[in-house]
Amino acid sequence: MKTCAKCKLNKLLEDFHRANANPDGLRYMCKVCAGKYISEYAKNNKDRRRNNQYKLRFGITIKDYDSMLESQSGVCAICKLPEIKKNTRLAVDHCHATKVVRGLLCNACNMGIGKLGDNYEGIMKAATYLNIHSISRHHETVNEESC
């Protein structure tokens with residue numbers, strides 16, 4: 001048994017996360033209190049967490065993101081539309097090999113280039129395919145929305 005430093009209740013050892021640095025090998029807060037603490041911290045520190053995520057994943061800060069967003073006039077670098085999902089920011093597009101940030105994309109464009117191999121060749125193959133099967137090249141009377 002161990003007493004949680006937060007709720008002051010005696011709990012089973014299984015109710016605590018491991019912490020090898022501590023003398024007993026367990027965290028001082030029980031799992032329930034730790035979960036509540038993390039949720040509250042996340043709610044109260046959204047910008048700090050976002051800044052840390054940008055730094056870890058892309059090597060940029062929120063200021064860098066905001067500067068890129070302003071230079072793109074708040075729209076996707078590909079389709080020139082704002083993000084259509086509510087409460088969603090434009091995604092940070094980057095080269096997975098070099099980790100170099102390329103720009104900000106809406107979710108649809110970001111997923112599109114990712115599914116096409118995230119490279120020029122994949123996108124050109126798709127463009128060639130669409131060009132071959134375009135309505136104007138085949139002089140079909142089919143409505144473009146039906147494709």
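This report describes the fold, surface and some backbone details of a predicted protein model.

Residues are numbered from 1 along each chain as its sequence is written. Because the model is predicted, local features need pLDDT of at least 70 and side-chain atom pairs count only at pLDDT 80 or more, whereas totals for chains, interfaces and linings use all residues.

**Overall form**

The protein chain has six helices and six strands, where helices (H or I, at least four residues) and strands (E, at least two) are DSSP runs numbered from the N terminus. Along the sequence these elements follow the pattern β-β-β-β-α-α-α-β-β-α-α-α. The radius of gyration of the protein chain is 24 Å, while a compact globule of 147 residues would have a value near 15 Å; the radius is taken over C-alpha atoms, and the globule rule is 2.2 Å times the number of residues to the power 0.38. Taken along the principal axes, the C-alpha atoms fill a box of roughly 80 × 30 × 30 Å.

Of the 147 residues, 26% count as buried, a term that means under 20% relative accessible area, with exposed meaning over 50% and partly exposed in between (1.4 Å probe, protein chains only). Among contacts (heavy atoms within 4.5 Å) with a separation of 6 or more, 30% come from residues 24 or more positions apart.

**The hairpin of β5 and β6**

Strand β5 (residues 91–94) and strand β6 (residues 101–105) pair in the antiparallel sense over four bridges; two strands pair if DSSP finds at least two bridges between them. Histidine 94 has valine 101 in β6 as its bridge partner. Six residues lie between the strands of this hairpin, in which lysine 99 takes a positive phi.

**Residues with positive phi**

Most residues other than glycine have a negative phi. The table collects residues of this model that have a positive value.

| Residue | Phi | Place |
|---|---|---|
| Lysine 8 | near 65° | loop between β1 (2–3) and β2 (10–11) |
| Serine 73 | about 55° | loop between α3 (62–71) and β5 |
| Lysine 99 | near 70° | hairpin of β5 and β6 |

Are the loop residues lysine 8 and serine 73 buried or exposed? Lysine 8 counts as exposed because its relative accessibility is 59%, and serine 73 is likewise exposed, with a relative accessible area of 61%.

Key:
Heavy atoms only, no water.
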